[in-house]
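Okay, thanks for coming, everyone. I'd like to walk you through one chain today, a few spots at a time, so have the viewer open and follow along.

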Amino acid sequence: MRFLLLGAVDSFILSIFVAQLDFTVGVIHSPMWNLNYPLGIQNFEKLRDAGLLYIDKTRFVYELVRRPGYYFLARPRRFGKSLFLSTIKACCEGKKHLFSGLEIESLMPEDWPRRPVLYLDFVSGDFDSSEAVAEVLDKTLSRWETEYGVTESSGSFARRMETVIRRASETSGQKVVILVDEYDRPLTSNYDHPEIMEEIREQLYGFYSVFKGMDEYIHMGMLTGVTKFGKLSIFSGLNNLHDISLNETFAGVCGVTDEELHSYLTPGIEELAEKRSLTIGETFGRLKAYYDGYHFSENLLDIYNPYSLMSALAEKRLGDFWFESGTPTLLFQAIRRHQAVLSDIPGSSVAPGRLTGSPMDGTSIIPLLYQSGYLTIRSYDSQSDRFTLDFPNIEVKKGFFECLLPALSGHSDESADSFINKVCSALKRGDAESFVGELKSYLADIPYDLRRDIGRYESYYQNLFYSIVKMLGFKVEAEYHTSAGSIDILIKTDQFVYIVELKLRGSARDAIRQIEERGYALPFEPDGRKTIRIGLSFSMSTHTVEDCIVEEGGLL
């Protein structure tokens, strides 16, 4: 008995429109090599019928469908979970012709069993209430009841599901396969509305609970999602549920490996290299820096973000495609709720169990950042059995802070970009007064509703400055460690070294005194650049710069 639930917002929604867009199948054609990138295509049957590029993942399908069981897989959004689930569906329905030339063809027996597949889809829809979830369940159950000849469709969703499972198995003579796409989306959509989330959780608890008592009718199931809700019955009630999210065997089940990149995508990389006047080696290097770096097991198999990678090859440019495809609202809600200090997160050391646990049930934001794709495993220490985490690549790190600053300040993206440009210009020319002036003006314009919450959000200014610092583009470090302490912000331009000390409950003079007493400037005296020391204090009532002292030293 296997139960596969596939999850959150992983559908490859078509977001790239170029001259050769095929509106019929949602494909971008590459003219030189006639590569058809399946952007927006999450249906395996449609992809294969249209002759689109498919990176063969069928060996993983074979591993799952050949033996009964329940499985759970967590991966970030747009990583190909929906396509993988659709591939399992086609295989279990016995559509052997779709798998011609693929690896599973030589692994499966000649006669593929045809099993009834119950596919529950939470990919689309606005799940802002338990009623919205009920509507999806009712429509899906009604369709199955019609398909399998269930004449009475009364009772609870759980009772109706039980009847459908039994009827589908009896009429087909085969055990049922249950697939649920984006099981956690109704819950994560209400992360900031705990009462609604609890209503939906109880609703789904009752619905999923039916599966654990029907082993005789169910061959397999799979759950996938972005995150794992430990209090949901499917996890607490199924003792034989296999979480393959960190399993080494399935590390490459979604995304693109280096081997697959070279085997399937070299022609597209050659096109990109020609378009951008780069060598093949330079192009591989840039793609790796921008889109690689995801690790989903202790063996650290490198995985590329498939959506961003294929978008880059289709458009022949490096862009922030993953971030452009969706705003990480849930993430910023969680940062405020957990009062996370973001500068402490890169380099965090965690036990493997922390990464597979539910971020909704605990007090740490680390599981959510990892499961959502904003952090990845950077290294593994077998002696301590602990992972070290970091941002996976340039796209995620850059996009994270570009989204974070507007979210924290309440300003538009355009306003944030304008502010960063002005600040960079001031720092380049050594104009610390203008830098502080721009900062004061930007902070003073934070909307009232956001200001009202700052008092309950102690790490607010730390995160705000951390996001500003990371967007500047210079060599910038937050919490730069010296032998005498930590510099709050260290900024290096071609001609200047800025040492910035922040005081939320102290004066600007206290900040300057700390820089002097702890000798923060001493390590940079041989540098040859002018050192500029900035002491800033903030008012918790006005929520902006209250006082500032600038002192200069060192020679150009």
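Let's start at Lys316, which is buried, because its relative accessible area is 17% and the cut-off for buried is under 20%. You'll find Lys316 in the loop between helix 11 (306-315) and helix 12 (321-324). Its backbone is worth a look too: phi of Lys316 is near 60°, a positive value in a residue that isn't glycine.

One caveat before I go on: this is a predicted model.

Now, where else does a non-glycine residue show a positive phi near 60°? At Glu182, which is placed in the loop between strand 7 (176-181) and helix 6 (185-188). Buried or exposed, then, for Glu182? Glu182 counts as buried, because its relative accessibility is 0%.

Since we've just touched strand 7, let's go to its partner. Strand 6 (residues 117-121) pairs with strand 7, and the two run parallel, with five bridges between them. If you want a place to click, Leu118 stands opposite Ile178 of strand 7. Strand 6 is mostly covered, with four of its five residues buried.

Zooming out for a second. The protein chain has 21 helices and 19 strands. Of its 556 residues, 56% are buried. And if you take the contacts with a separation of 6 or more, 70% of them are between residues 24 or more positions apart.

On to another sheet. As a reminder, strands of a sheet pair through backbone hydrogen bonds, either parallel or antiparallel. Here we have three strands in an open sheet, ordered 12-14-13, and the pairing is antiparallel. Which strands sit at the edges? Those are strand 12 (349-350) and strand 13 (376-381), each of which pairs on one side only. Strand 12 is joined to strand 14 (residues 386-390) by two bridges, and for Val350 the bridge partner in strand 14 is Phe387.

Okay, aromatics. How many aromatic pairs turn up in a search of the whole structure? The search gives 21. Phe60 and Phe250 make one of them, a tilted pair with 6.1 Å centre to centre and 40° between the planes. That pair links distant parts of the chain, 190 residues apart: Phe60 belongs to helix 2 (residues 58-65), while Phe250 is in the loop between strand 9 (241-243) and strand 10 (256-257). Both Phe60 and Phe250 are buried.

Next, Phe79 with Phe296. Their ring centres are 5.9 Å apart and the planes are at 85°, so this pair is edge-to-face; the cut-off for that label is over 60 degrees. Again the pair ties together distant stretches, 217 residues apart. Phe79 is in the loop between strand 5 (69-74) and helix 3 (81-92), and Phe296 is in the loop between helix 10 (280-291) and strand 11 (303-304). Phe79 is buried at a relative accessible area of 1%, and Phe296 is buried at 4%.

Phe296 has a charge for company as well: the charged end of Arg75 sits over the Phe296 ring, 4.0 Å from its centre. Similarly, Arg77 has its charged end over the ring of Trp322, 4.6 Å from the centre. And Trp322 is part of a cluster: ring pairs link it with Tyr374, Phe391, Phe400 and Phe401.

What about empty space inside? The count comes to four cavities of 30 Å³ or more. I'll pick the second largest, which holds about 70 Å³ of space. Its lining has 13 residues, and those nearest the centre are Ala74, Ser245, Leu355, Thr356 and Gln371. Strand 5, helix 14 (352-356) and helix 15 (366-371) each supply at least two residues of that lining.

Last stop, Ser486, over in strand 16 (residues 485-492). Ser486 is buried, because its relative accessible area is 19% and the limit is under 20%. So who does Ser486 contact, leaving aside neighbours within four places in sequence? Those contacts are Glu479, Tyr480, His481, Glu501 and Tyr520.

That's my tour, so over to you for comments.

Notes. Residues are numbered from 1 along each chain as its sequence is written. This is a predicted model: local features need pLDDT of at least 70, side-chain atom pairs count only at pLDDT 80 or more; totals for chains, interfaces and linings use all residues. Side-chain values use heavy atoms; hydrogens and water are left out. Buried means under 20% relative accessible area, exposed over 50%, partly exposed in between (1.4 Å probe, protein chains only). Contact means heavy atoms within 4.5 Å. Two strands pair if DSSP finds at least two bridges between them. Rings of Phe, Tyr and Trp (its six-membered ring) pair if their centres lie within 6.5 Å; planes under 30 degrees apart count as stacked, over 60 as edge-to-face and the rest as tilted. A charge sits over a ring if NZ of Lys or CZ of Arg is within 6 Å of the ring centre and within 35 degrees of the ring normal. On a 1 Å grid over the protein atoms alone, a cavity is a set of points where a 1.4 Å probe fits but cannot get out, and a pocket is an open set with protein on both sides within 12 Å along at least five of seven lines; lining residues have an atom within 4 Å of a point. Grid points are joined across faces, edges and corners, and a volume is the space filled by probe spheres set on the points.
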